[in-house]
Amino acid sequence: MLNVKKNDKVKILSGKDKGKIGTVINILCKTRQVIVSKINVITKHVKASNGHTGKLIKKEAPINISKVMIVCPQCKKSVRTKYNLTKKTRICRICGVNL
Ligand SMILES: [Zn+2]
């Protein structure tokens with residue numbers, strides 16, 4: 001069970017996008033990675049084939065889940081969430097709102 005869900009706002013804790021905030025667009029459970037909109041963008045070169053010309057595409061590369069922190073929509077702070085097992089909800093440790 002990962003703490004991060006799709007559409008969560010997360011803050012990047014390390015790497016070239018450190019300090020930026022983005023929205024989670026995909027979660028890779030197996031590798032414990034997330035893909036965050038406009039964060040960790042890499043330029044990929046697609047080789048020419050079948051008569052198409054090669055081109056550069058920009059794409060978000062996955063980042064390890066330990067390098068992001070959820071940003072609470074209420075108190076706007078990046079928080080480590082607490083998982084409430086009885087209610088099966090995540091709670092902001094600072095303001096107590098359900099995330
Ligand atoms: Zn909060």
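Arg32 sits in the loop that joins strand 2 (21-28) to strand 3. In this predicted model, Arg32 has a positive phi of about 55°, although the residue is not a glycine. Most residues other than glycine have a negative phi. Arg32 counts as partly exposed because it has 13 C-beta neighbours inside 10 Å, and the class in between runs above 12 and below 20 such neighbours.

The next loop, between strand 3 and strand 4, holds Lys38. Lys38 is not a glycine either, and its phi is positive at about 65°. With 13 C-beta neighbours inside 10 Å, Lys38 is likewise classed as partly exposed.

Ile39 is also placed in the loop between strand 3 (33-36) and strand 4 (41-46). Ile39 has 24 C-beta neighbours inside 10 Å and therefore counts as buried, the threshold being 20 or more. Setting aside residues up to four places away in sequence, Ile39 touches Ile12, Asp17, Lys20, Gly22 and Glu60. Ile39 and Ser78 lie 39 residues apart along the chain, and their C-alpha atoms are separated by 16 Å.

A further loop residue is Leu85, found between strand 9 (81-84) and strand 10 (89-92). Leu85 has 7 other C-beta atoms within 10 Å, so it is exposed. Its C-alpha atom is separated by 30 Å from that of Gly19, 66 residues away along the chain.

The loop residues compare as follows.

| Residue | Loop | C-beta neighbours inside 10 Å | Class |
|---|---|---|---|
| Arg32 | strand 2 to strand 3 | 13 | partly exposed |
| Lys38 | strand 3 to strand 4 | 13 | partly exposed |
| Ile39 | strand 3 to strand 4 | 24 | buried |
| Leu85 | strand 9 to strand 10 | 7 | exposed |

The strands can be taken next. Six of them form an open sheet with antiparallel pairing, in the order 6-3-2-1-7-8. Strand 6 (63-64) and strand 8 (78-79) are the edge strands; each has a single partner strand, so one side of each has no neighbour in the sheet.

Strand 1 (residues 9-12) pairs with strand 7 in the antiparallel sense, over three bridges. In this pairing Val10 stands opposite Ile70 of strand 7. Strand 7 (residues 68-71) in turn pairs with strand 8, again in the antiparallel sense, over two bridges. Here Ile70 stands opposite Val79 of strand 8, and Val71 has Ser78 of strand 8 as its bridge partner. Ile70 thus faces Val10 in strand 1 and Val79 in strand 8. The hairpin of strand 7 and strand 8 has six residues between the strands, and within this hairpin Lys76 takes a positive phi near 60°.

The nonpolar core involves some of these residues. The largest such core has 14 residues, and those with the most contacts inside it are Val10, Val36, Val68 and Ile70. Strand 1, strand 3 and strand 7 are the elements that give two or more residues to this core. Strand 7 supplies the largest share, three residues.

Ile70 also has contacts beyond its own strand. Apart from neighbours within four places in sequence, Ile70 is in contact with Asn3, Val4, Asp8, Val10, Ser78, Val79, Thr81 and Leu99. Among these are Val10, its opposite residue in the pairing with strand 1, and Val79, its opposite residue in strand 8.

Terms used: Residues numbered from 1 in each chain as written. Predicted model: local features only at pLDDT ≥ 70, side-chain atom pairs only at ≥ 80, totals over all residues. Pairing = 2+ DSSP bridges. Helix = DSSP H or I, 4+ residues; strand = E, 2+ residues; numbered from the N terminus. Contact = placed C-beta atoms within 7 Å. Core = buried A, V, L, I, M, F, W, Y, C linked by C-beta atoms within 7 Å.
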